[in-house]
There are 2 protein chains.
Amino acid sequence: MTPKTPNLTELVPTVADVARRAGVSTATVSRCLNAPQRVQVKTRDKVMAAVTELGYSPNFSARSLAARRTNTIGAIIPTMDNAIFARGLQAVQEELGRAGATLLVASSSYQPALEAEQIRALVARGADGLMLIGHQRDPEIYAFLDRRQVPVLVAWAYDPSQPKPSVGFDNRAAMRAMAAEVVAHGHRRIAVISARQADNDRARERVLGVRDAVAEAGLDPTALPVFETDYAIEAGGAAFKEMVAPSPAPTAVICGNDVLAIGALRAAQSLGMDVPRDISITGFDDIELATVTTPALTTVHVPHREMGELAARRLWQMVTGDGQAGSLRLETELRIRGTLGAPA
Amino acid sequence: MTPKTPNLTELVPTVADVARRAGVSTATVSRCLNAPQRVQVKTRDKVMAAVTELGYSPNFSARSLAARRTNTIGAIIPTMDNAIFARGLQAVQEELGRAGATLLVASSSYQPALEAEQIRALVARGADGLMLIGHQRDPEIYAFLDRRQVPVLVAWAYDPSQPKPSVGFDNRAAMRAMAAEVVAHGHRRIAVISARQADNDRARERVLGVRDAVAEAGLDPTALPVFETDYAIEAGGAAFKEMVAPSPAPTAVICGNDVLAIGALRAAQSLGMDVPRDISITGFDDIELATVTTPALTTVHVPHREMGELAARRLWQMVTGDGQAGSLRLETELRIRGTLGAPA
DNA sequence: GGGCCGAATGTAAGCGCTTACATTTCTTTT
DNA sequence: AAAAGAAATGTAAGCGCTTACATTCGGCCC
């Protein structure tokens with residue numbers, strides 16, 4: 001239906017049409033749109049009038065081709081299918097919109113190969129800058145990005161020792177604080193359910209954070225049971241069941257994220273356990289779900305919106321060349337809620 | 001950092017570079033990439049070799065400008081900040097990716113004016129087709145879209161009587177089934193918490209569905225209490241509290257979506273009510289949250305993934321011109337869980 | 001072997017815009 | 001009031017690709 005006719009020219013006005021109507025050259029029209037202060041007010045008014053009369057809006061492809069710049073930022077997140085990144089990205093989008101840029105979102109389904117592909121696709125599409133989650137990826141990708149001179153900002157992580165600037169929080173320190181709190185509640189038999197660590201530096205850092213706290217408490221960090229599983233409620237539940245089978249069972253289960261924690265919580269309840277009397281459970285991220293469970297989930301709150309905003313602003317500065325490019329560290333906060341108590 | 005140098009030419013190969021290296025014309029290179037069957041195998045191999053050796057990837061802007069087609073589909077959803085659309089969009093993206101197209105997502109924050117702006121932005125960006133949520137919008141927008149001959153598909157709604165083809169479900173019928181189930185459980189004092197209906201045809205249809213069922217049960221549909229509120233857990237809770245204040249309080253609260261229902265559930269529990277003994281609560285959408293609450297939420301399951309897939313496929317057919325363009329109706333399913341019981 | 005035809009390839013004209021540079025117009029300055 | 005300089009505008013050359021049309025090539029028929 002509605003096949004494109006060849007005479008689109010009649011339908012879609014171009015800068016030449018505007019120029020003709022306003023009695024100026026196309027260069028002036030272009031300037032009116034891109035650098036209004038460089039053209040006399042009187043002329044500008046004429047041009048703008050023509051623009052609105054014709055309903056003109058510049059052709060994006062042509063503009064990008066000529067200007068060698070797309071005003072587009074690409075972001076690649078592990079998954080859209082989940083709430084963690086959504087809120088942050090919404091903020092990114094709003095912030096970029098304010099700067100006149102557009103956000104292009106792709107997702108990698110937690111697969112490094114797919115992420116690499118998406119990165120290339122976004123660059124081919126002319127993304128002026130890229131926002132990536134976590135530092136870890138094939139050096140070849142970074143080499144490619146450097147060769148193409150595409151500014152890259154890492155979000156949802158903070159590690160100034162890495163080559164790319166990042167805006168986020170220190171996953172290890174945050175989790176260490178959480179684990180310390182668990183220890184402070186009196187727990188000694190602690191276990192961890194983590195997302196897959198292989199391609200996920202955030203997950204790894206969080207586990208390290210638990211080890212830190214455990215070691216500080218005088219326990220053996222190498223004896224810490226760590227279960228790895230997929231990012232899904234069900235998976236968290238399955239891991240939990242496996243984890244509490246041996247005796248003595250842990251008195252506290254620290255989960256690498258809220259989704260796993262909620263799975264664990266459900267599994268505990270289905271096993272007839274009372275949380276937190278029989279076992280404590282903690283999460284990480286503070287997604288909306290966390291306040292809805294009964295009891296509510298003790299977790300680490302991450303300022304997603306703020307992070308998105310700051311990351312967007314900083315990345316755009318990198319693209320436009322004004323402003324510094326260092327890393328930025330945000331603070332997380334413990335949210336102690338119902339699922340954490342003292343051991344029996 | 002990494003300022004763009006003017007000699008990008010040295011860094012980024014163009015079709016001319018590939019042509020030179022392969023010893024053919026640029027036209028042949030272009031054909032190899034866009035219509036491989038139109039070029040001899042031997043030539044093609046030479047060209048492809050050059051492509052990989054040079055690490056060539058076509059410039060998106062130039063390609064779109066010349067071909068008058070961007071291979072891009074734009075989608076505008078009310079909000080990214082929420083899980084309803086995420087799953088569906090993920091499916092849309094995957095399906096489009098399979099067809100070689102890209103998805104561009106924007107969000108309108110439930111504001112019609114913003115939506116209109118985003119539509120224009122996506123069209124200016126050259127979106128080959130648009131996926132919109134719900135039928136209702138300013139006729140002027142539709143006129144604009146028609147003038148520009150941009151194919152439009154409506155998703156998350158099904159109404160073949162509307163001018164634009166849609167892929168989705170019948171919100172009214174689905175909600176009517178839910179309400180009928182509530183009635184069948186013996187409820188007579190029923191109330192509704194709905195999202196704002198003004199700019200939201202889905203919300204309106206759902207309320208109508210409740211009225212249908214109520215009328216069928218021999219009750220007065222005009223006497224049905226309907227509370228309208230924002231799309232947020234807290235808002236649902238506030239509405240609930242207001243709703244149960246008068247006496248006699250309703251024995252069942254039908255919510256227009258799961259988010260409101262979860263707010264209502266929480267409010268009920270904070271009020272010391274037992275759900276479903278003291279009051280029944282139902283939702284709509286079957287988001288992940290719905291299975292996590294205690295008791296689990298009775299709701300209407302919507303096949304988001306399937307809908308996204310089908311919508312994407314159909315819209316792309318509209319864009320490429322092959323295939324029919326009628327509407328497609330998907331089935332929803334009642335998920336009767338813990339929050340629905342018989343009245344005391 | 002000449003003529004014909006279809007397939008493969010090449011030539012070159014844009015696609016709609018930006019921008020370096022040239023030209024014109026207006027301010028200043030002396 | 002003329003010269004010099006700055007500001008505003010115009011001219012035109014691309015940006016990297018696709019594609020209509022022209023050309024070449026090779027196979028086939030008579």
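Against which elements of chain B do the buried residues of H10(B) pack? The model examined here is predicted. In it, the buried residues of H10(B) pack against helix H9 (171–184), strand S6 (190–195), strand S7 (226–229) and strand S8 (252–255) of chain B. One helix thus touches both helical and strand elements of its chain.

Helix H10 covers residues 201–216 of chain B. Its buried residues include the nonpolar Ala203(B), Val207(B), Val210(B), Ala213(B) and Val214(B). Arginines are also on the list: Arg202(B), Arg204(B), Arg206(B) and Arg211(B) are buried. Glu205(B) and Gly209(B) complete the set. The length of the helix can be checked. Its 16 residues should span 22 Å at 1.5 Å a residue, and the end C-alpha atoms are 22 Å apart, so the expected and computed spans agree. After H10(B) comes Gly218(B), which has a positive phi, near 85°.

Chain B also holds an open sheet. Six strands make it up, in the order S2-S1-S3-S4-S5-S11, and their pairing is parallel. Strand S2 (102–107) and strand S11 (328–329) of chain B form the edges, each pairing on one side only. Helix H7 (residues 112–124) of chain B packs on this sheet. There H7 touches strand S1 (72–77), S2 and strand S3 (129–133) of chain B. The direction of H7 makes about 175° with that of S1(B). At the S11 edge, strand S5 (residues 166–168) of chain B is joined to S11(B) by 2 bridges, and the two run parallel. Within this pair, Val167(B) stands opposite Leu328(B). In general, strands of a sheet pair through backbone hydrogen bonds.

The two chains meet in a contact that takes 44 residues from chain A and 44 residues from chain B. On the side of chain A, at least two residues each come from H5, helix H6 (83–98), strand S2 (102–107), helix H7 (112–124) and helix H12 (258–270). H6(A) gives the largest share, 6 residues. By class, this side of chain A has 22 nonpolar, 13 polar and 9 charged residues.

DNA strand C is surrounded by 27 residues. The closest are Thr14(A), Ala27(A), Ser30(A), Ala66(A) and Ala27(B). Both chains contribute helices to this surface: H3 (26–34) and H5 (60–67) of chain A, and H3 (26–34) and H5 (60–67) of chain B, each give two or more residues. The largest share, 6 residues, comes from H3(A). The surface near DNA strand C has 13 nonpolar, 11 polar and 3 charged residues.

How values were computed
Residues numbered from 1 in each chain as written. Chains lettered and ligands numbered in written order. Predicted model: local features only at pLDDT ≥ 70, side-chain atom pairs only at ≥ 80, totals over all residues. Pairing = 2+ DSSP bridges. Helix = DSSP H or I, 4+ residues; strand = E, 2+ residues; numbered from the N terminus. Contact = placed C-beta atoms within 7 Å. Axes fitted to C-alpha atoms, helices over the stretch in contact; angles between N-to-C directions. Near = placed C-beta within 6 Å. Expected span 1.5 Å × (residues − 1). Buried ≥ 20, exposed ≤ 12 C-beta atoms within 10 Å, placed from the backbone.
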